[in-house]
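Biologist: Please take a close look at one acidic residue in this model, and then set it in the context of the fold around it.

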Amino acid sequence: MRLGIIVRMDKTGLGNQTRLLTQLLKPSYLMVIDSKNHFKTKQFHDWYSGFDGVLTKDLIPNIQEYRKFLQNVDAFITCETPYN
């Protein structure tokens, strides 16, 4: 089974929660949410080095980003919000 996780890369509660889940579960694929334009917080790209995935261009993933993510997973985890 190919597990995916929707993650954040900022030092917020949600960012830390999804970073720890990723370290624990070692998913096959990630959707990394770039929230810098909305929350003006530093983004930590290195948190997910070594993982395959798609990096969103904005806080809300577009349809192409969702399709790419869903084509690479059988099941996925999201915390608090599915973003769309």
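What follows is a request about one aspartate and a connected reply.

Biologist: Where is Asp-34 placed, is Asp-34 buried or exposed, and with which side chain does Asp-34 make a polar contact? Please go on from there to the other salt bridges, the sheet, the helices and the aromatic pairs.

Modeller: This is a predicted model, and what I say about Asp-34 should be read in that light. Asp-34 sits in the loop that runs between strand E2 (29-33) and helix H2 (36-39). With a relative accessible area of 6%, Asp-34 is buried, since the limit for that class is under 20%. Its side chain makes a polar contact with the side chain of Lys-36 at 2.6 Å. The two side chains also meet in a salt bridge, with 2.6 Å from N to O. The partner has another surroundings class: Lys-36 is partly exposed, at a relative accessible area of 38%. Leaving aside neighbours within four places in sequence, Asp-34 is in contact with Met-9, Gln-43, Leu-55, Thr-56, Asp-58 and Leu-59.

As to the other charged pairs, a search of the whole structure finds three salt bridges. Side chains of opposite charge can pair when their charged atoms come close. One of the three joins the side chains of Asp-74 and Arg-2, at 3.2 Å from N to O. Asp-74 belongs to the loop between helix H3 (63-71) and strand E4 (75-77), while Arg-2 belongs to the segment before strand E1 (3-8), so this pair ties together parts that are 72 residues apart in sequence. Arg-2 is partly exposed, with a relative accessible area of 34%. Another salt bridge is formed by Asp-10 with Arg-8, where the closest N and O atoms are 2.9 Å apart. Asp-10 counts as buried, at 0% relative accessibility, and Arg-8 counts as buried too, at 8%.

The sheet comes next. Four strands make up an open sheet in the order E3-E2-E1-E4, and the pairing is parallel. Strand E3 (53-55) and E4 stand at the edges with a single partner strand each, so one side of each is left without a neighbour in the sheet. On average, and with direction ignored, neighbouring strands of this sheet are turned by 20° against each other. E1 and E2 run parallel and are joined by five bridges. In E2, Tyr-29 stands opposite Gly-4.

On the edge strand E3 one can look at Gly-53, which is found in that strand. Gly-53 counts as partly exposed, at 36% relative accessibility. Neighbours within four places in sequence left aside, Gly-53 is in contact with Tyr-29 and Leu-30. The C-alpha atoms of Gly-53 and Ile-5 are separated by 9.4 Å, and these residues are 48 residues apart along the chain.

Two helices can be described against the strands. Helix H1 (residues 13-25) lies across E1, E2 and E4, and runs at about 150° to E1. H3 lies across E1, E2, E3 and E4, and runs at about 155° to E2.

That leaves the aromatic residues. A pair of aromatic rings is described by the distance of the centres and the angle of the planes. With centres within 6.5 Å as the rule for a pair, the count comes to four aromatic pairs. One of them is Tyr-29 with Phe-69: the ring centres are 6.3 Å apart and the planes are at 35°, so the pair is tilted. Tyr-29 lies in strand E2 and Phe-69 in helix H3, so the pair ties together parts that are 40 residues apart in sequence. Tyr-29 is buried, as is Phe-69. Phe-44 and Trp-47 form an aromatic pair that is stacked, with 5.2 Å centre to centre and 10° between the planes. Both Phe-44 and Trp-47 are buried. Ring pairs also link Tyr-29, Phe-69 and Phe-76 into a cluster.

To return to the residue you asked about: Asp-34 is in the loop between strand E2 and helix H2, is buried at a relative accessible area of 6%, and meets Lys-36 in a salt bridge.

How values were computed: Residues are numbered from 1 along each chain as its sequence is written. This is a predicted model: local features need pLDDT of at least 70, side-chain atom pairs count only at pLDDT 80 or more; totals for chains, interfaces and linings use all residues. Side-chain values use heavy atoms; hydrogens and water are left out. Buried means under 20% relative accessible area, exposed over 50%, partly exposed in between (1.4 Å probe, protein chains only). A polar contact is a pair of N or O atoms within 3.5 Å; within protein, one must be able to donate a hydrogen and the other to accept it, and residues adjacent in sequence count only if both atoms are side-chain atoms. Contact means heavy atoms within 4.5 Å. A salt bridge is a side-chain nitrogen of Lys or Arg within 4 Å of a carboxyl oxygen of Asp or Glu. Two strands pair if DSSP finds at least two bridges between them. Axes are lines fitted to C-alpha atoms, for helices over the stretch in contact, and angles run from 0 to 180 degrees between N-to-C directions. Rings of Phe, Tyr and Trp (its six-membered ring) pair if their centres lie within 6.5 Å; planes under 30 degrees apart count as stacked, over 60 as edge-to-face and the rest as tilted.
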